[in-house]
Amino acid sequence: MTSNRRVHFNRTSLLLPILVLSTYATAQSKSSGYACSKDVSAQMCTAENTCGSASSPCVVDVKRTANAASSTPNIPNAKDNSLFCIKPGTTVQWKSTGKDIGFVVDFGPSSPFDPPGAILGGSDRSVTVMAKRPGCYKYSAGACRSGAIYGMCGQTNAQLIVTAN
């Protein structure tokens, strides 16, 4: 009779971590930190997180990090993968300062840039596009190190806002 209790306890103890993790994951998805999921996304743009202007391009560095990838705009004190804003008509230069890095930046089916579509470049090839369509955009950036055998590619998700004015 004691063995039946022990088996019942072991089954319950195995289900408890799964229940806790699924509750945590659900809470995380409901409290998403994505600016694009908020109605006030354009109000999140300030002088401190606006990149480039009509006369100077916004330069975004896509790099392969130790365990993923990163995209960093040329804004003072900008952090990797931080939200940044640009104005329509601003040119954005996507490049990689890392050695022997290739990258892909993908906005999915709707891109704010002309020409639209995935942005493919690398250490030896920067890509310049122009912001045309206002809105809040989520994008993925992947970076691969040439010649590496294991773990040569990494990916990250980030956001940018093209303001209405």
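**Strand pairing, side-chain contacts and disulfides in a predicted model**

Strand 1 and strand 2 (residues 69-73) pair over 5 bridges in the antiparallel sense, and the two strands form a hairpin with 4 residues between them. The structure is a predicted model, and the points below take up strand 1 and its partners, then the salt bridges, the disulfides and the aromatic rings. In this model there are 2 salt bridges, 3 disulfides and 6 aromatic pairs.

**Strand 1 and its neighbours**

- Strand 1 is mostly covered, since 6 of its 7 residues are buried.
- Besides the antiparallel pairing with strand 2, strand 1 is joined by 4 bridges to strand 4, and these two strands run parallel.
- Two residues that also take part in a salt bridge with one another, Asp61 and Lys63, have bridge partners in these neighbouring strands: Asp61 stands opposite Lys95 in strand 4, whereas Lys63 has Ser70 as its bridge partner in strand 2.

**Salt bridges**

- Side chains of opposite charge can pair when their charged atoms come close.
- Asp61 and Lys63 form a salt bridge in which the closest N and O atoms are 3.9 Å apart, a separation that counts because the cut-off for such a pair is 4 Å.
- The two partners of this salt bridge fall into separate accessibility classes: Asp61 is buried, with a relative accessible area of 12%, while Lys63, with a relative accessible area of 29%, is partly exposed.
- Another salt bridge brings together the side chains of Arg133 and Asp114, with 3.2 Å from N to O.
- Arg133 lies in the loop between strand 8 (127-131) and strand 9 (135-145), and Asp114 lies in strand 6 (residues 113-114), so this pair ties together parts that are 19 residues apart in sequence.
- Both ends of this contact are partly exposed, Arg133 having a relative accessible area of 31% and Asp114 one of 33%.

**Disulfides**

- A disulfide is a covalent bond between the sulfur atoms of two cysteines.
- Cys45 and Cys85 form a disulfide with their sulfur atoms 2.0 Å apart, and the link is left-handed, with -85° about the S-S bond.
- Because Cys45 lies in the loop between helix 1 (2-30) and strand 1 (58-64) and Cys85 lies in strand 3 (residues 84-86), the pair ties together parts that are 40 residues apart in sequence.
- Are Cys45 and Cys85 buried or exposed? Both Cys45 and Cys85 are buried.
- Cys51 is joined to Cys58 by a disulfide with an S to S distance of 2.0 Å; the angle about the S-S bond is 100°, which gives a right-handed link, and both Cys51 and Cys58 are buried.
- Cys144 is joined to Cys153, again with 2.0 Å from S to S, and the link is right-handed, with 110° about the S-S bond.
- In this last pair the cysteines are partly exposed, with a relative accessible area of 29% for Cys144 and a relative accessibility of 40% for Cys153.

**Aromatic rings**

- A pair of aromatic rings is described by the distance of the centres and the angle of the planes.
- Which residues do ring pairs link into a cluster? The cluster is made up of Trp94, Phe107, Phe113, Tyr137 and Tyr139.
- The count for the structure comes to 6 aromatic pairs, and among them Trp94 and Tyr139 form one that is edge-to-face, at 5.6 Å centre to centre and with 80° between the planes.
- Trp94 lies in strand 4 (residues 91-95) and Tyr139 in strand 9, so the pair ties together parts that are 45 residues apart in sequence.
- Both of these residues are buried, Trp94 at 0% relative accessibility and Tyr139 with a relative accessible area of 3%.
- Phe107 and Phe113 also form an edge-to-face pair, with 5.4 Å centre to centre and 75° between the planes.
- Phe107 counts as buried at 6% relative accessibility, and Phe113 is likewise buried, with a relative accessible area of 0%.

Terms used:
Residues are numbered from 1 along each chain as its sequence is written. This is a predicted model: local features need pLDDT of at least 70, side-chain atom pairs count only at pLDDT 80 or more; totals for chains, interfaces and linings use all residues. Side-chain values use heavy atoms; hydrogens and water are left out. Buried means under 20% relative accessible area, exposed over 50%, partly exposed in between (1.4 Å probe, protein chains only). A disulfide is a pair of cysteine sulfur atoms within 2.5 Å. Rings of Phe, Tyr and Trp (its six-membered ring) pair if their centres lie within 6.5 Å; planes under 30 degrees apart count as stacked, over 60 as edge-to-face and the rest as tilted. Two strands pair if DSSP finds at least two bridges between them.
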